[in-house]
Every structure is written in C-alpha cells, then in structure tokens.
Amino acid sequence: MKKINAAIVGTGFIGPAHLEALRRIPNVEVTGLVEVNQELADQKAQQLGIPNAYTFEKMLADDTIDVVHICTPNFLHFSQAKAVLEAGKHVICEKPLAVKIEEAEELVALAAQKGLVNAVHFNLRYYPMVRQMKTMREKGELGDVYAIMGSYLQDWLFLQTDYNWRLEPDKSGDSRAIADIGSHLLDITEYVTGLRITEVMADFSTVHKTRLKPLKDIETYSGKMLSMEDYEEVPINTEDHATVLLRFDNGSKGSITVSQVNAGRKNRLNIEIAGSKSNFEFNSERPNELWIGKRETANQQLMKDPALFHPEASALISFPGGHNEGFPDTSKQMFKEVYAAVREGKPFSKPSYPTFADGLRELIIGERIIESNKKQTWIKI
Ligand code: SOE
C-alpha cells in the first residue's frame with residue numbers, strides 16, 4: 001500500500017497530539033514539520049523525531065507532502081488552509097476553521113472547487129460513546145428529543161496568572177470559551193441529536209477583567225509560577241464563562257454552560273439528552289461510560305465494549321472492553337476516517353468525518369452567540 005506523507009504546522013499543545021495520533025495509523029508518515037522560522041523548525045523536528053523541517057512556504061513547495069495538518073493559532077488558519085488547498089494538498093485544520101464567517105465560506109468553496117479532502121479537528125465526536133449515542137438515537141433507543149443540557153468546563157485559565165495566546169482576540173478571535181470549547185459541545189449536540197440549533201440566547205462573563213501576562217516564555221500547562229515582577233497586567237475582553245439557551249428545529253429546548261475558570265474541572269465535556277424513551281448522559285472525563293436513564297426499569301450503565309456497541313460505534317474502538325481509551329484515541333479514530341478519503345484522492349460524497357462545512361456551521365453559531373450576548377436578546381441562526 002502506498003505510504004501517505006503528512007506535514008504538521010505548529011508545535012503548541014495540539015500539533016504534537018496530531019503527530020502522536022498519526023503515528024498510530026498504518027501507512028501514514030509524518031515526514032515534515034513547520035514552524036515560524038527554520039531554526040525553530042529544525043529544533044522541534046529533531047525533538048519530535050520528524051525527518052524534515054521547513055518554513056511554511058518551503059513545505060508547500062515539497063511535492064512529496066500529500067496532507068497538511070494546521071495546528072497554529074486561530075488567526076492563521078484561513079490563510080494557511082487556503083495556501084495548502086491552492087498548493088493541491090489535502091488539509092486537516094484545527095478548529096475554529098477561521099476567525100470570520102466569510103473566510104470559512106471561501107475555504108468551503110475552494111476545497112470543493114479543488115476536490116481536495118478537507119476536515120476540521122472536531123475530534124471529540126470520536127469518543128466511541130459519542131458515536132454510540134448517535135447510533136442509539138438513530139435506531140430509536142432515545143425516542144423523541146425533549147431537551148438537551150450540556151456543559152464544557154476547564155480550569156487551565158482559573159488563576160489570574162494563567163495566560164495563553166487564546167486570551168488575545170487578535171490571535172484567537174472575538175470569542176474565547178465559546179469558540180475554543182463551546183464549539184466542540186455545539187458540534188456534538190447537533191451530531192448526536194441530528195437536530196439543528198435555530199436560535200440562541202447568550203450571557204457571558206469575564207471573571208478576570210485583567211490578567212497577569214508573563215514577560216518570560218513559560219509553558220501554558222506547566223503550572224510554574226514566576227515572581228510578580230515577571231508579569232504585566234493586561235485587560236481581558238473575551239469570556240471566561242458563558243451560558244447559552246438553545247432552541248432546536250424540532251421545538252425542543254436546551255442550554256449549555258462553558259467555563260475555563262472552574263477549579264478542578266480539567267477538561268470535562270458533559271452532555272445529557274432527555275428523550276421520550278430514555279435519557280443519555282456522557283462525560284468526557286469518564287469516556288468509557290454512558291449513563292442511560294429509565295423511568296420504568298432500572299437505570300443502565302453502559303461500559304465501552306465492542307461486543308455491546310452498535311457496529312457503527314464499535315468501528316471506533318481499538319481495544320476490548322475494560323481496556324480504556326480516551327482523548328488521544330479520538331484524533332486517531334478521526335484521522336483513520338479522513339485518511340481513508342485521502343487514499344481515494346478526494347472527499348467522500350457523504351463524509352463521516354467533520355468537514356470544512358461543519359467548521360463553517362460552528363463559526364456561524366458562534367457569531368450568533370456573540371451577537372446575542374452583545375444585544376442580550378434571542379438571535380436566529
Ligand atoms: C484548550 O482549551 C483545549 O486544548 C482546546 O483547544 C481543545 O479543543 C480541547 O480539546 C481541550 O482544551
């Protein structure tokens with residue numbers, strides 16, 4: 001089987017996560033690494049064990065690279081994804097696909113015109129339990145959807161001294177918690193229920209109105225404290241916390257809460273879907289379990305086990321029951337599906353993986369949420 005060569009652009013938190021997932025896919029090799037300058041690219045490529053180091057333009061000119069993974073800060077996604085498509089390469093872009101709706105629209109059109117595989121890294125769809133919930137709903141085991149309640153809570157921005165480029169709108173965009181983690185939750189909500197969000201009503205808060213920005217380079221997740229003279233105080237204009245009421249196209253209602261300042265919640269996506277036959281509850285910090293609520297019989301606890309799953313969902317499981325899989329496996333499972341299309345040389349007509357069109361959808365919902373918060377009123381999608 002022909003080997004597919006990939007390049008990764010960016011080496012923050014998520015670039016190495018893509019690398020690690022790709023290394024577990026047969027006949028795919030990450031042969032290139034891109035950083036802002038050649039020196040950093042050389043250093044990171046050596047550290048990560050990737051044979052070739054490039055600046056972005058040099059990588060585009062290399063015909064041996066088939067697929068490019070864009071893992072840079074948000075403001076670069078549009079220009080880089082556009083350049084990759086123009087160079088005739090398939091592209092997997094981190095979310096959000098762009099910072100403006102028009103940019104995402106342009107990318108959707110360009111990818112279609114070029115006939116290239118395009119995907120957005122909504123990897124959390126790839127928890128086998130998420131696919132299992134979707135399949136159970138499709139097979140009628142949930143019944144009609146009455147209501148949806150979700151939250152996505154983290155604490156890595158809990159302290160006033162926690163700092164990262166995501167706090168800077170010129171790098172991250174006008175919304176933070178909603179764009180960064182709300183987008184995953186909203187994507188999963190529509191994916192699992194098969195419903196479309198039609199209206200939103202949002203209320204944001206910025207708990208830390210100022211933050212202390214380190215004047216020295218420190219790793220975001222390292223937990224290291226500097227001394228007070230190593231920081232400068234900067235204003236913060238994006239949300240630490242947001243609550244959004246949702247209306248769906250079947251008349252059902254829901255709400256989500258997202259927060260990056262909830263102590264002890266490391267990375268907890270929770271979704272509960274109340275249906276006319278049962279109630280599903282999934283929490284990404286316990287990804288191998290699904291609670292199925294019942295009225296007339298005992299409640300159930302489904303454990304991840306290929307033998308107990310619908311085939312559509314067991315396709316995302318690599319190990320037998322009791323051998324837990326988690327966050328790093330979601331990207332592996334997603335890339336397996338995307339690379340199946342890459343092997344065909346063109347996008348699947350009905351892709352199972354999240355495409356640029358899904359990236360555009362999340363940007364539209366995100367923009368309406370920001371508008372709703374500003375105007376403090378319901379906004380139609
Ligand atoms: C940081 O908030 C982050 O890395 C997100 O950007 C990811 O999408 C999420 O999976 C974990 O948290």
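**Exercise 1. In this predicted model, find which residues Tyr-231 is in contact with once its neighbours within four places in sequence are left aside, and decide whether Tyr-231 is buried, partly exposed or exposed.**

Step 1. Leaving aside the neighbours within four places in sequence, the contacts of Tyr-231 are Thr-161, Leu-212, Lys-213, Pro-214, Leu-215 and Leu-226.

Step 2. Pro-214, which is one of these contacts, lies 17 residues from Tyr-231 in sequence, while the C-alpha atoms of the two residues are 4.4 Å apart in space.

Step 3. To place the residue in the fold, look along strand β10, which covers residues 231-235 and includes Tyr-231.

Step 4. A residue counts as buried with 20 or more other C-beta atoms within 10 Å of its own and as exposed with 12 or fewer. Tyr-231 has 18 other C-beta atoms within 10 Å, and it is therefore partly exposed.

**Exercise 2. Decide whether Val-130 is buried or exposed, and list the residues that Val-130 touches, not counting those up to four places away in sequence.**

Step 1. Start from the helix α6, made of residues 128-138, in which Val-130 is found.

Step 2. Around Val-130 there are 23 other C-beta atoms within 10 Å, so Val-130 is buried.

Step 3. When residues up to four places away in sequence are not counted, Val-130 touches Leu-124, Arg-125, Ile-188, Val-192 and Phe-282.

Step 4. A further pair to find in the structure is Val-130 and Pro-287, which are 157 residues apart along the chain and whose C-alpha atoms are separated by 8.9 Å.

**Exercise 3. Work out in which order the 6 strands of the open sheet lie, and which of them are the edge strands.**

Step 1. Reading across the open sheet, the order is β3-β2-β1-β4-β5-β6, and the pairing is parallel.

Step 2. The edge strands are β3 (52-54) and β6 (118-120), each of which pairs on one side only.

Step 3. On average, and with direction ignored, neighbouring strands of this sheet are turned by 25 degrees against each other.

Step 4. As an example of one pairing, take β4 (residues 67-70) and β5 (residues 90-93), which pair in the parallel sense over 4 bridges; here Ile-70 has Cys-93 in β5 as its bridge partner.

**Exercise 4. Trace the strands β13, β14 and β15, and find which residues stand opposite Glu-281.**

Step 1. Strand β13 (residues 267-275) and strand β14 (residues 279-283) run antiparallel and are joined by 5 bridges, and a hairpin leads from β13 to β14 through 3 residues.

Step 2. Strand β14 is also joined to strand β15 (residues 289-293), again antiparallel, by 3 bridges, and these two strands form a hairpin with 5 residues between them.

Step 3. Glu-281 in β14 stands opposite Glu-272, and Glu-281 also stands opposite Trp-291 in β15.

**Exercise 5. Describe how domain 1 and domain 2 are placed and which helix gives the most to the side of domain 1 that touches domain 2.**

Step 1. According to the domain assignment, domain 1 spans 4-123, and domain 2 consists of 124-341 + 360-380.

Step 2. The centres of the two domains, taken over C-alpha atoms, are separated by 24 Å, and the contact takes 27 residues from domain 1 and 28 residues from domain 2.

Step 3. On the side of domain 1 that touches domain 2, α1 (14-22) and α5 (101-114) each supply at least two residues, and α1 gives the most, with 5 residues.

Step 4. Sorted by class, this side of domain 1 has 20 nonpolar, 3 polar and 4 charged residues.

Notes:
Residues numbered from 1 in each chain as written. Predicted model: local features only at pLDDT ≥ 70, side-chain atom pairs only at ≥ 80, totals over all residues. Pairing = 2+ DSSP bridges. Axes fitted to C-alpha atoms, helices over the stretch in contact; angles between N-to-C directions. Contact = placed C-beta atoms within 7 Å. Domains from an automatic or database assignment. Nonpolar A, V, L, I, M, F, W, Y, C, P; charged D, E, K, R; others polar.
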